[in-house]
Each structure stands twice: as C-alpha cells, then as structure tokens.
Amino acid sequence: MNRRRRWLLAAGGLLALVIFLLLQWWWAGDGPLPFLRRDRVWAQIQSTRIWRVGLDPSFPPFEFLNDEGEPTGFDVDLAHAIGRVWEVDVEIVAVGFDSLIDALKAERIDTVLSAYPIDERLTQDILYAQPYFDAGLRLVVRNDSPLAAKLPPGEAVEPERLRGLTIAVEWGSEGDMVARQWLREGAALTVRPFETPADGLAALELDATIDALLVDQVTFRQAEAGGRPVIAAGAWLTSNPYAAIAPKRGNELRNALDQALAELAQTGALQQLEEKWFSADLPENGTPE
Amino acid sequence: MSGVGAMNRRPQAARTLWRLHPALWIFGAFALLAALLQAPRLFQPAIALGEQQQVTTANPKMGVHTRLTDEVEPWKIKRTLEMVREMGAPWIVEYFPWAYVEEQPGVYNWAHSDQVIAHATRQGLTVVARLGYVPGWARPADSSPLYLDEERFPDFARYAAAFAHRYAGQVSHIIVWNEPNLALEWGYTAPDPVKYTAMLREVYPAIKAANPAVQVLAGALAPTLAPPGSPDGYNDLLFLQAMYDAGAAPWFDSLAIHAYGWHFDPDAPADPAVVNFRRSELLRAIMVDNGDEAKPAMITEGGWNDHPRWTRAVRPAQRIRYTLRAYEIAQQEWPWVEAVAFWAFRYPWDQKSYQDYFTMVSTDFEPKPLYLELQRYSRGTP
C-alpha cells in the first residue's frame with residue numbers, strides 16, 4: 001500500500017510538472033523557464049512578415065506628418081531600417097502619445113517606437129529595448145569656449161565649475177529649473193532666461209556675455225547637426241532615454257530589437273539617421289530638404 | 001491508566017515540540033522581521049502642526065488644487081501646504097473621497113482628512129473641499145466609484161453633512177461632485193443635468209442643516225465641446241442652462257468653474273465654440289441670465305500645461321506668462337470670481353504623462369520655475 005501510494009504520488013507529481021510546462025507554453029512565455037518561452041507577437045511577425053509600429057506623429061524630428069500627410073521622421077526611418085534587418089514589412093500606425101501603451105496592450109500594434117521615454121514603473125507591464133537616444137539636459141557652449149576643454153565628454157557638470165559664468169535657459173524649462181536650483185544652493189553664476197530654446201541658442205552664438213546654454217539633447221543635436229558653432233560640454237545633466245517598447249510577453253521581440261539596434265549602431269546606420277533628421281532646419285511639420 | 005498514558009505522551013509531545021522548535025524559531029524570526037519592516041508604515045511619526053501661519057500675497061484670489069488624497073506621509077502633507085503658503089496662494093481645493101472616509105455605512109475614518117485640514121488651516125489656507133467617489137456598499141457591484149444611483153443620494157448627503165459638521169469653522173466651501181457633465185465622471189452613464197440637480201436638491205439642505213455657514217458649490221463642469229448626444233460628455237454651457245431649467249438655482253451658493261486654457265492666451269475672447277480661459281465668462285453670463293448674478297463663482301480647476309508633446313500644451317514660458325495673467329484677470333476684471341485654484345500643485349508620485357506638466361512643484365518638492373515666478377508675483381516683486 002505504501003509502495004503504491006509512493007508510485008501514485010510520483011505519478012501525480014509528474015503529471016503536475018507536465019501541466020505546468022504546458023501552461024508555460026500556452027502562456028506564451030513569461031514563466032521562470034526561459035527555454036520554454038514562446039513570444040506570440042514575434043511569432044506573428046515572423047509568420048505574417050508584417051511589423052506594426054505605433055507612433056504619435058507630432059514630435060519632429062522623431063515623427064511628424066509630411067506634406068502628403070504621411071508619417072515621417074527619425075523613428076519612421078528607424079522602424080524601416082529595423083524592418084530591413086528582419087526582412088519584414090513595416091506598417092506604421094498613428095496613435096496618440098498617451099494611448100500608445102494601451103494600444104500595445106490591446107495588441108493593436110506590436111511595438112511602440114515614438115521617442116518614448118523609459119519609465120521604470122512600467123516594466124511590470126511592458127518590455128523596453130535598449131535606449132537609442134537620450135534626450136536629457138546638456139550644457140551647450142560655443143565651439144571655441146574654454147569650457148569645452150574644461151569639461152570634456154563624460155565629465156560631471158558641477159555648478160562650482162561654472163563660477164562667474166552666465167547661463168542661458170529657456171524660461172520655465174527643465175534647464176531653468178536646474179539653474180535655479182544651483183542658485184538656491186549658492187552657485188556663483190548668472191542665469192538669463194529666454195522665451196524659447198532657439199532664442200537662447202541665438203544668444204549663445206551672438207552675445208559674448210552668454211557663456212553657456214542649458215537645453216535638452218534634441219535641441220542641441222538639431223543645432224549641432226545643423227552646422228551651428230556649438231558643442232556639448234561635459235556629461236548629460238539629466239537622463240531622458242528613449243526606447244522602443246515590446247509587449248510584456250514579447251521577450252523575443254525585445255531581444256530582436258536589441259540585436260537590430262546594436263547592428264544598426266555598429267554599421268553606422270543609426271548615426272546616419274541622426275545626421276539626416278537632426279541636420280535639417282525643419283519647419284513645424286516639414287521634411288528635410 | 002490515564003496517568004501512565006499521560007506520562008507516555010509527555011515525552012512524545014516534548015519530542016514533537018523539540019522537532020518543531022527550529023521551524024518555530026525561523027517562523028518567529030521572519031514574523032519579527034516583517035513586523036519591523038512594516039513598523040514605519042503602521043506608526044507614521046506625528047508631525048507637529050507648528051505655529052499658526054498667515055498667507056501674505058498681493059493677489060488674495062490666488063489658489064491651487066492640491067492633490068493630497070493619496071499622500072500618505074504626514075511630513076509631505078505638511079510640506080505641500082507650507083509651500084502653497086510660501087507661494088502666496090491663500091486658497092486650496094482638495095478632494096475628500098467618500099469611499100475613503102466611510103468604508104462601511106455609518107463608520108467614518110477621518111484620520112487622513114483631519115490631518116490635511118489641520119495642516120491647511122495651520123498654514124492659514126482656506127480649504128475648499130471637493131466631495132465624491134462612492135464606496136462599494138453604496139453602488140451596484142462592478143459599477144464605477146463615480147456612479148451613484150438616485151436612491152443613494154441620501155447616503156451621499158449624510159456623508160456631506162457629516163463632513164460639513166466635523167469641519168465647521170475649518171472648511172468654508174464644499175463642492176458637490178466633480179465634472180458631472182462627463183460620462184467618465186458620472187459613472188460611465190449619460191451625463192444628466194436633471195439627475196445632478198436632484199443630487200444638489202438632496203445634498204444642499206443636508207449640508208446647510210449641519211453647518212449653515214458653509215458655501216455649497218455646484219457645477220465643477222468640465223469645459224467640453226461635446227456635440228449633443230455624445231456618449232462622452234455634455235457641453236458645459238448647455239449643461240449649466242439645463243441645470244437652471246431643472247430648478248437648480250436654490251440648491252447652490254456658488255458655481256465651481258473649470259477654466260483650462262489649452263493652447264490659448266488667457267486674453268483670447270470667450271467663444272462658445274472654443275475651450276479657453278475666458279469661457280468662464282460664458283458660464284457667468286448664464287448665471288446672470290438666470291437671475292443668479294448675486295452669487296459668486298470660483299475657478300476650482302484650470303490652467304496651462306507645458307508638456308513637450310501634448311497637443312494642448314504651450315511652451316514653458318507661455319505657461320508662466322498665461323498663469324500670471326490669468327490670476328491678474330480674476331483680480332482686476334472678474335469681481336464675481338472669489339478665487340482661482342489652478343490644477344495642480346503637486347502629485348504624490350510622477351504620473352509619467354502630460355499630467356506631470358500641470359504641476360507647480362515636482363514630487364520631490366523641487367519648485368518649478370512657474371512656482372518661483374508665482375511666488376515673486378504674490379510678493380509684488382516686479
């Protein structure tokens with residue numbers, strides 16, 4: 001009897017294990033056994049050869065509508081470049097920025113690629129690929145500024161190293177907030193607010209009393225790639241990384257995104273896209289010449 | 001026999017207990033560790049109210065909608081309200097959800113609202129309380145907490161009366177419900193000005209009986225251009241007129257207005273086809289047309305947003321300029337507006353959406369430039 005019970009217990013345990021493994025398979029890949037994970041979204045992309053990319057075309061130069069009303073921009077080109085790596089067709093789906101994650105969860109799209117900032121709190125619900133752009137705050141100076149040598153790339157920007165300088169900011173922006181914080185903490189510098197980042201940039205170029213400008217990386221890259229005589233000094237002051245987003249169970253898709261982005265970075269294609277979309281002096285909804 | 005049996009059992013029991021000891025010890029250690037980890041949550045340190053403060057301001061109509069409903073840490077509640085005072089805003093609007101206070105019928109837990117109101121009054125702030133959010137016991141199963149059957153209006157009235165009574169002398173204004181002209185805020189049912197008027201008819205006398213001095217605000221209508229028959233909303237101008245048509249006039253003392261500017265300058269003229277700051281004037285005109293010109297109004301939500309991607313946002317510099325100008329308009333041009341409480345002072349945590357760009361202070365209490373500019377304005381600094 002005891003022996004029989006042991007056999008029964010062993011058989012029951014084995015059956016439970018089989019059910020568990022089947023559930024793992026059916027659940028499409030979010031369990032603790034990575035070798036059994038199966039990413040349905042990636043499988044669908046592979047079978048249909050269509051990759052549905054969601055973006056909000058209202059944020060040039062990353063995504064906006066061209067004169068024909070078609071989505072265009074850095075992210076659109078990036079999606080097509082990834083599509084070429086995977087040898088799949090890309091279908092761009094326009095979705096409002098605040099609805100992108102819902103559209104992903106509702107399986108209306110396979111991926112969000114829309115200059116979307118990483119939010120660590122959402123990692124329970126979605127998977128971020130490696131970031132492809134950091135839109136954080138930069139200290140921008142003229143090419144010939146001694147600050148550029150004083151603060152080489154990667155060097156932390158500490159307010160005491162800006163002693164006696166005049167810093168331009170966009171009034172009310174994050175740069176303004178950081179500069180005011182420095183002032184409250186006793187930094188010996190002068191802050192000059194400007195109505196727009198473009199005004200601040202113009203002042204940096206033309207007004208010798210302005211030593212530096214605090215702006216986001218998007219503004220800086222547009223200025224730099226557009227041939228303006230400016231350079232970023234030191235490291236990013238804040239980080240605001242943009243990343244493609246796969247659904248929660250899209251682990252294979254996320255890995256494929258990482259691999260494709262790494263390949264594009266290695267071949268220089270990612271850099272070329274930046275040059276293309278940040279060099280253009282874009283009108284509000286224009287296309288680069 | 002029984003004695004021998006007991007003797008035999010004792011060593012057995014002792015052995016069993018001995019075998020259990022290590023497990024008990026481990027269990028006990030985990031339980032103690034868990035209790036220690038939870039201790040800070042269970043015993044939030046009391047935060048002293050501090051000295052009685054006064055708000056100094058060049059514009060006594062300045063206000064903000066705070067967002068302390070889900071703020072659990074007492075020091076953050078206090079710091080928020082200190083910063084409101086230091087900014088120079090004498091008014092706050094705050095939400096006191098019915099479901100949080102009366103989880104069981106007739107059993108009230110006032111701990112959180114006591115704390116918020118005590119700190120606010122100690123900071124010299126005038127509190128405008130927004131009431132709503134239905135507990136599970138007062139609504140059908142699986143319904144939205146923003147849904148309330150008409151037969152449950154007396155329950156809501158009892159809560160409002162208990163609130164008015166408890167905070168007599170501390171809370172001067174109560175807003176009945178929020179944005180009843182939106183399906184979302186009306187429990188995902190069609191907004192109904194007649195039903196909302198019935199709610200006022202029930203709640204107003206209950207509040208007044210509990211505390212005759214308190215001012216009851218109605219409306220708090222969402223500015224919307226929703227076309228007739230829209231499942232999402234009911235045009236605010238039409239809704240207000242329909243409220244008057246349903247006989248709402250005797251059942252409120254003041255009209256709560258939501259005045260969002262979207263991407264328009266605050267001086268952009270009022271237009272029924274546009275949502276902008278001066279849409280408030282159109283609501284006021286309806287009050288006057290219906291013989292309610294003696295009643296004041298109050299802007300209990302509103303303002304501008306400077307999110308870089310939201311389609312209704314403005315640039316940060318515009319947001320500062322527009323907000324300052326809006327307070328000026330209320331002060332100089334609108335004697336019928338008692339206060340302007342813009343959305344929102346600070347969130348307990350980042351929303352990670354355009355909503356974060358409505359705030360004046362970051363979640364970690366870092367003042368945004370708008371806050372500092374408003375502070376400068378309230379101090380009369382050019």
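The points below concern a strand and its surroundings in chain B, and a five-stranded sheet in chain A.

1. The model is predicted: local features need pLDDT of at least 70, side-chain atom pairs count only at pLDDT 80 or more, and totals for chains, interfaces and linings use all residues. Residues are numbered from 1 along each chain as its sequence is written, with chains lettered from A and ligands numbered from 1 in the order in which they are written.

2. Strand β5 (residues 215–221) of chain B is largely enclosed by the rest of the structure, because six of its seven residues are buried. Buried here means that 20 or more other C-beta atoms, placed from the backbone, lie within 10 Å of the residue's own. Strands (E, at least two residues) and helices (H or I, at least four) are DSSP runs, numbered from the N terminus.

3. β5(B) pairs in the parallel sense with strand β4 (residues 171–176) of chain B over three bridges, and with strand β6 (residues 254–260) of chain B, also parallel, over four bridges. Pairing requires at least two DSSP bridges between the strands. B:Leu217 in β5(B) stands opposite B:Ile175, while B:Leu221 has B:Ile257 in β6(B) as its bridge partner.

4. Helix α6 (residues 193–210) of chain B joins β4(B) and β5(B) in a right-handed β-α-β unit. A second right-handed unit consists of β5(B), helix α7 (residues 236–245) of chain B and β6(B). Right-handed means that, with the strands pointing away from the viewer, the path from the first strand over the helix to the second runs clockwise.

5. The largest nonpolar core has 131 residues, and B:Leu217 is among the four that touch the most other members, with B:Ala160, B:Ile174 and B:Val176. Such a core is a set of buried Ala, Val, Leu, Ile, Met, Phe, Trp, Tyr and Cys residues joined through C-beta atoms within 7 Å. Another core, of 45 residues, lies apart from it and includes A:Ile92 and A:Leu113.

6. Chain A has an open sheet of five strands in the order β11-β10-β12-β9-β13, with mixed pairing. Its edge strands, β11 (190–194) and β13 (230–233), each pair on one side only. Within chain A, strand β9 (residues 137–142) and strand β12 (residues 212–216) pair in the antiparallel sense over four bridges; A:Val140 has A:Leu213 in β12(A) as its bridge partner.

Key:
Buried ≥ 20, exposed ≤ 12 C-beta atoms within 10 Å, placed from the backbone.
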